[in-house]
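Colleague: I am new to this structure and would be grateful for a close look at a single part of it. Could you take the disulfide and what surrounds it, and set that part within the chain as a whole?

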Amino acid sequence: MGTPDFAVPTLAELIGASHEIACVYTRAPRRKGRGLPEDKSPVHKFAQNAGLPVRTPPSLRDAEEQAAFAALDSDAAIIVAYGLLLPKPILAAPRLGCFNLHASLLPRWRGAAPIQRAIMACDEQTGVMVMRMEEGLDTGPVLMAERMTIGRKTYGEVRDELARLGADLMGRALAAMEQGGAAETPQAAEGVTYARKIEKSETRIDWAKPASLVDCHIRGLSPAPGAWFEAKGERIRVLLAEPVAGQGAPGEVLADFTIACSEGALKLLTVQRAGRAPMEWRAFLRGFALTPGEELA
């Protein structure tokens, strides 16, 4: 049960391990526009290419859908960024239970956007965990975990690395379950945080913050939805930057596309204008002049 690109490596791992996949559940296709074909999820496309049956119910609250799920008579359900709530009858249907691949070091960053929130909070590490699903939000006991150092990676880079780590982790967890040796550890009661969905209103860059925090904000939103600032009435997305020495009023343009923050400054490396491809800062300035002393909004 999964939807985005992040879930595809786990599905591939399950196929490669010769597990019998009774069915694949994913979000329903969306229409791109009149006369255009439906836009199927990455998991949907991958499953179809692998010859697997696919179901796309709009909800799992319906008794008929719950009965159809139970009729699969499955040993386990594997959930990776599915996007639909699993009611109690769904959680109770598989013989061994439902197991979620969650992209954080629980109980930190339970919820919808754990990778982005970890980077935006300047966490040094993150990881993936295989957990037994309960009715609570990401509250179940943990079977296995893998850690990784965030360093200066962007959201896209961390997501892709965790997808690979998570696929291997889920494969090992299932193998342990088959042998009856998958110990479950309750989550700690302390250190619980929630990774709420990223809202458009919080993507704007605040130059009044220290450069180190602005850098985390940018990397946590790169490549999507993208942190942005406004200049000459145009919204500019910043995909990559680095903290450097510098001083000025917050938002002031310094030399070489360096922007002053409340503490230090940020050199913008890769940016993107609306409707354009991402570009290196020198190429951007050739077509969009910003002179030292200007202030960005």
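Modeller: What follows begins with the whole chain, turns to the cysteines, and then moves outward to the surrounding elements.

The model is a predicted one. Its protein chain has eight helices and 15 strands, and the C-alpha trace spans about 65 × 50 × 30 Å along its principal axes. Of the 297 residues, 45% count as buried. Among contacts between residues at least 6 apart in sequence, 63% join residues at least 24 apart.

Now to the part in question. The count of disulfides comes to one. A disulfide is a covalent bond between the sulfur atoms of two cysteines. Here the partners are C122 and C216, with their sulfur atoms 2.2 Å apart. The link of C122 and C216 is right-handed, with 125 degrees about the S-S bond. C122 lies in the loop between helix 5 and strand 8, whereas C216 belongs to helix 7, residues 211-220, so the pair ties together parts that are 94 residues apart in sequence.

The surroundings of the two partners can be described through their accessibility. C122 counts as partly exposed because its relative accessibility is 30%, where the band for that class lies between 20% and 50%. C216 has a relative accessibility of 5% and therefore counts as buried.

Two further cysteines deserve mention. C23 is in no disulfide, and the nearest cysteine sulfur, that of C98, is 13 Å away. With 15% relative accessibility, C23 counts as buried. C98 is likewise in no disulfide, the nearest cysteine sulfur being that of C23 at 13 Å. C98 is buried too, with a relative accessible area of 2%.

The helix that carries C216 is the next step outward. Helix 7 is mostly covered, since eight of its 10 residues are buried. These buried residues are A211, V214, D215, C216, H217, I218, R219 and G220. They pack against two helices, helix 5 and helix 6, and against three strands: strand 11 (227-231), strand 12 (234-244) and strand 14 (265-273).

One residue that touches helix 7 is T203, placed in the loop between strand 10 (194-195) and helix 7. Leaving out residues up to four places away in sequence, T203 touches I198, H217, L221, P225, G226, A227 and W228. H217 is one of the buried residues of helix 7. T203 itself counts as buried, at 6% relative accessibility.

A further threonine can be placed beside strands 12 and 14. T258 lies in strand 13, residues 258-260, and is buried with a relative accessible area of 9%. Its contacts, apart from neighbours within four places in sequence, are V244, E252, V253, A265, L266 and K267. Strand 12 runs over 234-244 and strand 14 over 265-273, and both are among the elements against which the buried residues of helix 7 pack.

Helix 5 and helix 6, which also receive helix 7, lead to the nonpolar interior. The largest nonpolar core has 34 residues, of which F6, L101, I115, V130 and L162 touch the most other members. At least two residues of this core come from each of helix 1 (8-16), helix 2 (42-49), strand 6 (97-102), helix 5 (114-120), strand 8 (125-132), strand 9 (142-149) and helix 6 (155-178). Helix 6 gives the most, with nine residues. A second, separate core of 28 residues includes A113, V214, A231 and L269. V214 has already appeared as one of the buried residues of helix 7.

Within the largest core, V130 offers a view of the packing. Apart from its neighbours within four places in sequence, V130 is in contact with F99, N100, L101, P141, V142, L143, M144, L169, M170 and A173.

M170 also takes part in the meeting of helix 1 with helix 6, in which P9, T10, E13 and L14 of helix 1 meet A163, G166, A167, M170, G171 and L174 of helix 6. The residues of this contact divide into six nonpolar, three polar and one charged. The axes of helix 1 and helix 6 come within 8 Å and cross at roughly 35 degrees, and the crossing is right-handed.

To return to the starting point, the disulfide joins C122 and C216, and the helix that holds C216 packs through its buried residues against helices and strands.

How values were computed. Residues numbered from 1 in each chain as written. Predicted model: local features only at pLDDT ≥ 70, side-chain atom pairs only at ≥ 80, totals over all residues. Heavy atoms only, no water. Core = buried A, V, L, I, M, F, W, Y, C linked by side-chain atoms within 4.5 Å. Buried < 20%, exposed > 50% of the residue type's maximum accessible area, 1.4 Å probe, protein only. Helix = DSSP H or I, 4+ residues; strand = E, 2+ residues; numbered from the N terminus. Contact = heavy atoms within 4.5 Å. Axes fitted to C-alpha atoms, helices over the stretch in contact; angles between N-to-C directions. Left-handed = near helix turned anticlockwise from the far one by under 90°. Nonpolar A, V, L, I, M, F, W, Y, C, P; charged D, E, K, R; others polar. Disulfide = S-S within 2.5 Å.
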